[in-house]
Amino acid sequence: MGESIADVREVMIEGPSGIRTIARATRPRFEASRRRLVWDETGAVAQMFSSEDPESLRGPQFDAAWCDEFAKWKNLQATWDMLQFGMRLGEPLQLVTTTPRPVKLLKQLMAHERVHVTRMRTADNAQNLAAGFLAAVKERYGGTRLGRQELDGELIEDRDDALWSRAKIEGEIAPAGELRRIVVAIDPPASARKSSDACGIVAAGLEADGRAVVLADASASGLSPVAWAGRAVALYHRLGADCIVAETNQGGDMVAAVIAQVDPAVPVKAVRASRGKWLRAEPVAALYAQGRVRHAESFAALEDEMCDFGPDGLANGRSPDRVDALVWAVAELMLRRQAEPRVRGM
């Protein structure tokens, strides 16, 4: 099982260190249409699954599982839970291989008495890597938070200079109460390439007592303008939001125009960044520290980005698009003067 079926096939099965590549005496036969490997000599069968579809694990049963890049799975908790109900044959064994990221479930597993944890540094695999690779990445990332995570296999909780604390966020998660106002904020990407930054899409609401609650994170990468606008408009309607707040630094009038193309009835409030990301985020982080903002549920990808967001304006070496959308949403609700909004229930 991997993050996607493509990952399972291209990395775990047919990649340079995949099952079929390294198999010697008994090389399994790959039945792509049935998403499985078959060892004809023994009758053993391995099935393919992905974190994109937890429900596909209902019904099958197993005696072993290999879970790769576990810390970046979509639907992590739901997928893991469904897998556990299927581990009911023989003496079940599960192997989790992943770059360590401080996600809640991974930390729980590593602390469990029945889980055996091993670590491997990139340098330990030097004989299988391109010449010069280690020297290049050590020169660029050695001693950095990203290097400690990716090269040394360390589980890094929070960076010392981050604006947000993971413990603070996780300790105050609670469902939203009666909401006076709801907004959906968009931080659009510069392009629709899969390798480009994500489109940040975050919804937040203002409770009757004046506190803000983050309601949803619908951010995604590789979307066309119409696709991310459709995603934001769908969230707007699902939550019964008051407006969409859209940063226009990247796309200018195009942002409002593409939203209008999807649904011309949706009100759009354009905002423009005149300060750096860190300076914009500081007042919102202060509201979190004061207990005036919380999350309605756990948003792992958003929280990872928040807790790795540093003064350089980056999170894990990339643009913090989810954080940008979060900042716009909370700022709209709490840091700007508002007309008296209507009261609603959730």
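Me: How many salt bridges does a search of the whole structure find?
Reply: A salt bridge is a side-chain nitrogen of Lys or Arg within 4 Å of a carboxyl oxygen of Asp or Glu. This is a predicted model, in which local features need pLDDT of at least 70 and side-chain atom pairs count only at pLDDT 80 or more, while totals for chains, interfaces and linings use all residues. Residues are numbered from 1 along each chain as its sequence is written, and side-chain values use heavy atoms, with hydrogens and water left out. The number found in the whole structure is 20.

Me: Are E31 and R36 buried or exposed?
Reply: These two form a salt bridge, with 2.6 Å between the closest N and O atoms. Relative accessible area decides the label: under 20% is buried, over 50% is exposed and anything in between is partly exposed (1.4 Å probe, protein chains only). By this rule E31 and R36 are both buried.

Me: Which parts does the salt bridge between D304 and R101 tie together?
Reply: The closest N and O atoms of D304 and R101 are 2.8 Å apart. Helices (H or I, at least four residues) and strands (E, at least two) are DSSP runs, numbered from the N terminus. The two residues are 203 apart in sequence, so the pair links separate parts: the loop between β5 and α4, which holds R101, and, for D304, helix α11.

Me: What is the relative accessibility of D304?
Reply: Its partner R101 is partly exposed, with a relative accessible area of 24%. D304 counts as buried, because its relative accessibility is 11%.

Me: Which residues are joined into one network by salt bridges that share partners?
Reply: R211 forms a salt bridge with D209 at 3.1 Å between the closest N and O atoms, and R211 is partly exposed at 35% relative accessibility. The network made by shared partners joins E3, E52, K72 and K74.

Me: Which strands stand at the edges of the open sheet of 3 strands?
Reply: Two strands pair if DSSP finds at least two bridges between them. The order here is β1-β2-β3, with antiparallel pairing. Each edge strand has a single partner, so one of its sides has no neighbour in the sheet; these strands are β1 and β3.

Me: Which residue in β2 stands opposite F30?
Reply: β1 and β2 pair in the antiparallel sense over 3 bridges. The residue of β2 opposite F30 is L37.

Me: What is the average twist from one strand to the next in the open sheet of 6 strands?
Reply: The order of this sheet is β10-β9-β6-β7-β8-β11, and its pairing is mixed. Angles run from 0 to 180 degrees between N-to-C directions, and axes are lines fitted to C-alpha atoms, for helices over the stretch in contact. From one strand to the next, the twist averages 25 degrees.

Me: Which element supplies the largest share of the largest nonpolar core?
Reply: A nonpolar core is a set of buried Ala, Val, Leu, Ile, Met, Phe, Trp, Tyr and Cys residues joined through side-chain atoms within 4.5 Å. The largest one has 34 residues, and M306 is among those with the most contacts inside it. The largest share, 9 residues, comes from α12.

Me: Which residues is M306 in contact with, leaving aside its neighbours within four places in sequence?
Reply: Contact means heavy atoms within 4.5 Å. With those neighbours set aside, M306 is in contact with A162, W164, I169, Y288, H295, V323 and L326.
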